[in-house]
Amino acid sequence: MEVENMSVTTDAEYLPAAITALDDAIHDLIKVQTMRDADGQVYTAPNLYVQLKTALHGQQSGEGKSAFRSRPSVWIAGLDLVERIERTVAEWAAPHRGHTLSLLADLPHMGWRPQDSSELQKWALTIRGWVKTINNLLDGVSEVEVTGACPQCEAKTVWRRDDLDENVKQPALLVTAQEARCLSCGTVWPPTSFELLAAAIGCAKVA
Ligand SMILES: [Zn+2]
């Protein structure tokens, strides 16, 4: 019997493209930002990851208060994202260890094999998602996901029907400026409890 072998493109051919995609995505996250003000003056700002952490910690925001504290939903989503980035990058880079920024910078050069190509492509997409979310957070868009599990019922996601009447998964914790609510068990946290909630979903170390 004649064996048809149409799919002869090997993983080895995809590897350089996958590494480039990863490198580009990382670059968007950790490159120094060049900005131009109204007078045409060019100045630089820290990379997006550092900007996010600065906004959370409140350095350079005048009175030692977080730039996000007045917008609890943005603040909690930011904490959630930083935690996710640190955990994910540590998993990707293992067994290498180090600061998240150095791990990210080294990531494309960690001796990947051809069979890693599709995984690297997925990572590039994940990082692009982070970049988008950070930009949204810094722009003050509060419709961002909190992906941590509910401390009460441990649900991470719930199913709901979307506009097209299809079942879609969404994060269980819905955080607005007024309250945080678990869509699974119905627990509601007022803004005064947001710090406790952030700690409970694993954001304590960056708070
Ligand atoms: Zn719950």
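Helices α2 and α3 lie oblique to each other in this predicted model, a word kept for angles that are not under 35 degrees (roughly parallel), over 145 (roughly antiparallel) or from 65 to 115 (roughly perpendicular). Two packed helices are described by the angle between their axes and the distance between the axes. Here the axes of α2 (residues 48–57) and α3 (residues 72–93) come within 10 Å and cross at roughly 135 degrees. Such axes are lines fitted to C-alpha atoms, for helices over the stretch in contact, and the angles run from 0 to 180 degrees between N-to-C directions. The crossing of α2 past α3 is left-handed, meaning that the near helix is turned anticlockwise from the far one by less than a right angle, whereas a clockwise turn would be right-handed.

Which residues of α2 and α3 make the contact? On the α2 side they are Tyr49, Leu52, Lys53 and Leu56, and on the α3 side Trp75, Gly78, Leu79, Leu81, Val82, Ile85 and Glu86; contact here means heavy atoms within 4.5 Å. Sorted by class, this set holds eight nonpolar, one polar and two charged residues. In that scheme Ala, Val, Leu, Ile, Met, Phe, Trp, Tyr, Cys and Pro are nonpolar, Asp, Glu, Lys and Arg are charged, and the others, Gly among them, are polar.

Tyr49 of helix α2 deserves a second look. Is Tyr49 buried or exposed? With a relative accessible area of 1%, Tyr49 is buried; the cut-offs are under 20% for buried, over 50% for exposed and in between for partly exposed (1.4 Å probe, protein chains only). Although Tyr49 and Val82 are 33 residues apart along the chain, their C-alpha atoms are separated by 8.2 Å. Beyond its neighbours within four places in sequence, Tyr49 is in contact with Leu29, Val82, Ile85, Glu86, Thr100, Leu101 and Ile134.

Just before α2, Asn47 sits in the loop that follows β2 (42–45). Asn47 is buried as well, at 9% relative accessible area. A polar atom of the Asn47 side chain lies 3.0 Å from the backbone nitrogen of Tyr49. Residues touched by Asn47, not counting those up to four places away in sequence, include Leu29 and Leu101.

Stepping back to the whole chain, the model has six helices and seven strands, where helices (H or I, at least four residues) and strands (E, at least two) are DSSP runs numbered from the N terminus. Of the 207 residues, 37% are buried. Among contacts with a separation of 6 or more, 55% join residues 24 or more positions apart.

Some backbone details also stand out. Most residues other than glycine have a negative phi, and most peptide bonds are trans. A cis peptide bond, with omega about 5 degrees, joins Ala94 and Pro95, and Pro95 belongs to the loop between α3 and α4 (100–106). Glu154 has a positive phi, near 70 degrees; this residue lies in the loop between α5 (117–138) and β3 (157–161) and is exposed, at 63% relative accessibility. In helix α4, Asp106 is partly exposed at 41%.

Residues are numbered from 1 along each chain as its sequence is written, and side-chain values use heavy atoms, with hydrogens and water left out. Because the model is predicted, local features need pLDDT of at least 70 and side-chain atom pairs count only at pLDDT 80 or more, while totals for chains, interfaces and linings use all residues.

Technical notes: A polar contact is a pair of N or O atoms within 3.5 Å; within protein, one must be able to donate a hydrogen and the other to accept it, and residues adjacent in sequence count only if both atoms are side-chain atoms.
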